[in-house]
Amino acid sequence: MSSLVHYTVEGNVARLTLDSPHNRNALSTALVNQLHQGLTDATEESGVRAVVLTHTGGTFCAGADLAEAAGRDPGDVAVDRARELTDLLRRILELPMPVIAAVDGHVRAGGLGLVGACDIAVAGSNSTFALTEARIGVAPSIISLTLLPKMTARAAGRYFLTGEKFGAQEAADFGLITLAADDVTATVSALTAQIVRGSPQGLAASKALTTAAILAAFDERAEELTEQSAKLFTSEEARERMLAFLQKRPPNWAN
């Protein structure tokens with residue numbers, strides 16, 4: 001299996017780099033599994049105090065890998081994708097060390113869920129974000145578990161529905177990311193330099209205080225939203241939009 005996520009350690013910081021350029025770092029089963037392994041490696045690596053989640057190329061993460069659905073039963077695909085994403089987001093939330101998203105590119109759909117799950121998120125000034133699920137007949141069901149606690153209600157009400165793009169400064173203004181930065185690498189380095197001054201116990205306990213309420217709500221609604229996601233994915237509207245995507249044409253319900 002090719003390496004879609006590179007794991008490296010420098011000092012007290014582990015770095016997980018998404019490197020799947022053929023699908024813009026989409027959340028394929030292989031990439032998700034390798035991300036899990038990287039998170040496990042970081043927790044087992046002696047001395048690691050923080051994890052940086054970053055990427056190669058111009059896209060941080062494009063969301064679900066729609067092409068992976070070809071040739072399989074849509075219901076099976078929908079359930080598998082939904083549970084994989086739910087498990088991954090929860091894993092980041094419960095990791096006993098801070099996870100920092102270092103974004104210097106575009107983020108779409110499920111990729112925003114990853115950003116929302118991270119404790120700190122830094123995005124380059126040219127980065128763009130968009131929640132495009134409504135345009136393909138589905139909804140940001142599962143990722144709402146990590147986005148709604150971070151975004152303001154007004155921002156969520158706008159961008160969940162319009163699917164329009166917004167920039168890093170807007171994302172910082174309404175809480176999706178921590179900072180918009182001209183130099184992502186330098187900004188993340190400065191943050192990790194402060195984080196690694198903490199002890200493992202201190203970092204774990206402090207992070208748990210910030211994620212306790214999110215995890216409680218996550219566990220209360222995860223199953224319901226996983227089922228909703230799978231149901232929407234297999235609906236007639238979504239099937240038509242997925243087929244149109246693969247055939248590179250507008251869906252039959254588009255104006």
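These notes cover strand S3 and its neighbours, then a second sheet, in a predicted model.

1. **Burial of S3.** Strand S3 spans residues 50–55. Of its 6 residues, 6 are buried, so the strand is largely enclosed by the rest of the structure. The cut-off for buried is under 20% relative accessible area.

2. **Two covered faces.** In a regular strand the side chains alternate between the two faces of the sheet. In S3, Ala50, Val52 and Thr54 point to one side, and these residues are buried. Val51, Leu53 and His55 lie on the other side and are buried too. Both faces of S3 are therefore covered.

3. **Pairing with S2.** Strand S2 (residues 13–18) runs parallel to S3, with 6 bridges between them. One bridge sets Leu18 against His55 in S3. Helix H1 (residues 29–44) joins S2 and S3 in a β-α-β unit, which is right-handed.

4. **Pairing with S5.** S3 also pairs with strand S5 (residues 99–103). This pairing is parallel and has 3 bridges. Here Leu53 faces Ala101 of S5.

5. **The S4-S6-S8-S9 sheet.** These 4 strands make an open sheet with mixed pairing, in the order S4-S6-S8-S9. S4 (59–61) and S9 (166–167) are the edge strands. Each has a single partner strand, so one side of each lacks a neighbour in the sheet.

6. **S4 against S6.** S4 and strand S6 (residues 106–108) are parallel and share 2 bridges. Thr59 sits opposite His106 of S6.

7. **Helix H3.** Residues 110–117 form helix H3, which lies across S4, S6, S8 (128–130) and S9. Its angle to S6 is about 105 degrees.

Methods. Residues numbered from 1 in each chain as written. Predicted model: local features only at pLDDT ≥ 70, side-chain atom pairs only at ≥ 80, totals over all residues. Heavy atoms only, no water. Buried < 20%, exposed > 50% of the residue type's maximum accessible area, 1.4 Å probe, protein only. Pairing = 2+ DSSP bridges. Right-handed = clockwise from strand over helix to strand, strands pointing away. Contact = heavy atoms within 4.5 Å. Axes fitted to C-alpha atoms, helices over the stretch in contact; angles between N-to-C directions.
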